[in-house]
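Q: I'm new to this structure and would like a close look at one helix. Could you start there and then work outward?

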Amino acid sequence: MFNRENKLEKFKDAETVIGASIKVKGNFHGQGNIIIEGSLEGSLKTDASIFIGEKAKVVASVEARDLIVNGEIKGNVSVKNYLSLGSTAKINGDIQYGELSIEKGAIINGQLLSTGPAGKKINEKEEGRENKLKEEE
Amino acid sequence: MHVYIYDDYLNKSKYSKAVNRMEIRLTDLGLNGKIIRLGGIKNIKGTIQNEIKLGAKTIVAVGNNQTVNKIIGAIIDTDVYGDFQRKTLLGIIPIGNDNSIAASFGIKNEEEACNILLARRIEKIDLGLVGDRYFLNEATIEGLGTTIDLGDYSLEIEDKGTVRIVNLLSDKANLIGSNPHDGLLDLIINTRKKDQTLLKLNKFVISNASEQLLIDGVIEVKTPAEISVDRDKVSVIVGRDRLFQ
């Protein structure tokens, strides 16, 4: 099962932190881990992980590899791997995820779509095996 | 040849002991060179540029942050910069207060600075730019009312506090390891609510209608101002205990 504590450990190395007194407007696209404690309007995207703090307000589409939400998001969410919704999380929008963990109290108003990274990996393995067989032939 | 640029405030008697100690140490280490006292010179830029043209191997700022900034201002983006980058190193001997730049390089006092000059541990350092003014350490401005515009997005600060734009860390109290080789500046915003914002940026515009930007604790600049970074701009002789890797 997805371990939220372990995921939080990773954020100690976050390159980008938006504090509670900061308002971000526009397309905020990063490469490293991002922590949002303030507010953001526009879009939020990274190849790594995003942590949305309890008092954070995000009015944006959100894309990340991993995402931990304890605050509010208004917008569609797309997570390649792990999505964790804490008890104070509130999401108004459609959610696409690899794996999902939801604590009691979290609110979701939108559709949930699993892309299943485990299933994807199996498919990739199958494709790889097929390619190998073709090469051997 | 070493060229020592003495700042004008070192003429004051309270610094004479420190200057004597430094000169004795330099003699002991065989690091004697030409001394230029800025006190009596009108054309500081021209004098420093002339020494580089004459083939100075090391230009040593003897003084404080302002001394270093005067030398940087005389060299960067001038005709002699090419020569300076190829042949000349920048050294610092801190005397008196306001020496955060030397502290960043791990140089605590004048005697230690002499040993560091002898060891010649060299680092290429980025320089921060506010408009056309270079800075080594950092630029600061009041947080409330400050906007940071990066083109794709902007940051607005909604509480009192301090905005620091750091090239070279001058204290160890910060959470981030500032790196003057990475071609990035660290934007650190601390507010009254004790929350901290950290970003690594290379180009942005900062503006505050009622506050000015303070560069290296010395020069005030009006905003909006474009902030950027020039990579590996200066070769500096640094100490082992420098505050960066």
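**A helix and what surrounds it**

A: In helix α6 of chain B, residues 110–119, the buried residues are B:E110, B:A113, B:C114, B:I116 and B:L117. They all sit on the same side of α6(B), because they span an arc of only 165° around the axis. That arc is taken from the directions that lead from the helix axis to the C-beta atoms. "Buried" means that 20 or more other C-beta atoms lie within 10 Å of a residue's own; 12 or fewer makes it exposed, anything in between partly exposed, and the C-beta atoms are placed from the backbone. Helices (H or I, at least four residues) and strands (E, at least two) are DSSP runs, numbered from the N terminus.

A quick word on what you're looking at: this is a predicted model, where local features need pLDDT of at least 70 and side-chain atom pairs count only at pLDDT 80 or more, while totals for chains, interfaces and linings use all residues. Residues are numbered from 1 along each chain as its sequence is written, and chains are lettered from A and ligands numbered from 1 in the order in which they are written.

So what lies over those buried residues of α6(B)? The cover includes α1 (16–28), β3 (58–63), β4 (89–94) and β16 (225–237) of chain B. Right after α6(B) comes B:R120, with a positive phi of about 50°.

Let's take two of those neighbours in turn. Helix α1(B) has 13 residues and spans 18 Å from its first C-alpha to its last, close to the 18 Å expected at 1.5 Å a residue; the expected span is 1.5 Å times one less than the number of residues. Just after α1(B), B:G30 has a positive phi too, about 70°.

Strand β4 of chain B is where you'll find B:P94. B:P94 counts as buried because 27 other C-beta atoms lie within 10 Å. Two residues are in contact if their C-beta atoms, placed from the backbone, lie within 7 Å. Setting aside neighbours within four places in sequence, B:P94 is in contact with B:N64, B:N99, B:A102, B:I107, B:N109, B:E110 and B:A113. Two of those names should ring a bell: B:E110 and B:A113 are among the buried residues of α6(B).

From B:P94 you can also hop to another helix. The C-alpha atoms of B:P94 and B:T67 are 9.4 Å apart, although 27 residues separate the two along the chain. B:T67 is one of the buried residues of α3(B), alongside B:N65, B:V68, B:N69, B:I71, B:I72, B:A74 and B:I75. This helix, residues 65–75 of chain B, is mostly covered, with eight of its eleven residues buried. After α3(B) comes B:D77, whose phi is positive, near 55°.

Now zoom out to the whole of chain B, which has six helices and 16 strands. Its radius of gyration is 18 Å, close to the 18 Å that the globule rule gives for 245 residues, so chain B is as compact as a globular protein of that length. The radius is taken over C-alpha atoms, and the rule is 2.2 Å times the number of residues to the power 0.38. Of those 245 residues, 43% are buried. Among contacts in chain B between residues at least 6 apart in sequence, 72% link residues at least 24 apart; in chain A, that share is 10%.

Finally, where do the chains meet? In all, 17 residues of chain B are in contact with 17 residues of chain A. On the chain B side, β9 (153–157), β11 (185–191) and β12 (196–201) each supply at least two residues. Strand β2 of chain A, residues 22–30, runs antiparallel to β9(B), with five bridges joining them; strands pair if DSSP finds at least two bridges between them. Across that pairing, A:K25 stands opposite B:S154. As for β11(B) and β12(B), they form a hairpin with four residues between them, and B:K194 in the turn has a positive phi of about 65°. Six bridges join these antiparallel strands.
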